[in-house]
Amino acid sequence: RQQAMASVELDSKSIEVDKFETYEDYLDSLILDKDMYYIQDQTLARQLVELGFRGSGEAFKRDEFERRKREIAELRENAKNKNTEVLASKGKNVDNYPLLRALAEREKNVRHGKLTTIVFIRDKNSKGQEISGYIDYGHRLENDDFELYFDRKRRLLPRPSDLSFFNWSTQVSTSNPSRYFQVIADSDMGLLFKNKRDRKIVVVDPDSDCGDNSKRTELKTNEYLQVVIYDHTTRRKS
């Protein structure tokens with residue numbers, strides 16, 4: 001059965017590179033808070049990380065990072081050309097499932113890069129523990145077999161590897177950058193997501209404006225305790 005996206009097999013190092021749009025974003029992810037406290041200079045901090053003097057791990061050199069980015073783009077392009085696109089939601093009966101219907105309506109635009117979508121889900125896991133989190137729909141589309149979700153053989157739930165995850169029983173909390181969004185923790189505005197394509201901020205606080213080209217939609221559904229969808233319209237760079 002054909003996968004609907006130009007999904008490709010990547011090694012762990014390429015997966016790490018794939019999370020970041022630019023080399024600068026990648027270096028920023030390795031800068032430790034304590035380093036910035038002492039250095040107080042973003043450019044210098046990046047240089048020190050690149051040279052291996054500071055940071056949370058050994059950094060790729062710029063040429064290695066850009067080589068891997070080119071290889072990933074080439075792999076995706078080859079996969080895209082090789083396969084005729086088949087939407088995972090095509091032919092699926094999702095009329096009585098508001099979240100699945102909403103995801104099906106957005107699937108094509110998300111795959112084509114015209115739309116980026118964050119899905120907030122609050123529900124209970126298989127252990128009966130309440131969990132919540134923000135999911136990058138585009139990132140998951142590239143890495144999960146969504147036919148299983150649209151066929152209702154698997155439930156879409158937040159994971160610790162998603163943009164944000166919280167288990168209300170164990171108090172485990174995680175946040176991760178995805179292929180399309182960077183996570184920003186703001187003391188005043190709470191959790192923010194920066195779109196890596198146009199660098200616009202998506203605000204998820206229900207009492208605040210979502211941000212430029214963004215829209216918040218709360219779904220009425222019996223599938224989950226709570227579902228909110230944040231759509232951000234993007235203009236793909238040529």
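**Nonpolar cores and an antiparallel sheet**

Apart from its neighbours within four places in sequence, Ile121 is in contact (heavy atoms within 4.5 Å) with Leu99, Ile131, Ser132, Gly133, Ile135, Leu156, Leu157, Pro158, Tyr224, Gln226 and Val227. The model is predicted, so that local features need pLDDT of at least 70 and side-chain atom pairs count only at pLDDT 80 or more, whereas totals for chains, interfaces and linings use all residues. Residues are numbered from 1 along each chain as its sequence is written, and side-chain values use heavy atoms, with hydrogens and water left out.

The largest nonpolar core (a set of buried Ala, Val, Leu, Ile, Met, Phe, Trp, Tyr and Cys residues joined through side-chain atoms within 4.5 Å; buried means under 20% relative accessible area with a 1.4 Å probe, protein chains only) has 24 residues, of which Leu99, Ile121, Phe146 and Leu156 touch the most other members. At least two residues of this core come from each of H6 (98-111), E1 (115-124), E2 (130-136), H7 (137-143), H8 (146-150) and E9 (226-233); helices (H or I, at least four residues) and strands (E, at least two) are DSSP runs numbered from the N terminus. Helix H6 supplies the largest share, five residues. Tyr23, Ile31, Val49 and Phe65 are among the 16 residues of a second, separate core.

Three strands form an open antiparallel sheet in the order E5-E6-E7, where pairing requires at least two DSSP bridges between two strands. Strands E5 (181-186) and E7 (201-203) stand at the edges with a single partner strand each, so one side of each has no neighbour in the sheet. Strand E6 (residues 190-195) is joined to E7 by three bridges, and Phe193 has Val202 in E7 as its bridge partner.

Notes: Buried means under 20% relative accessible area, exposed over 50%, partly exposed in between (1.4 Å probe, protein chains only).
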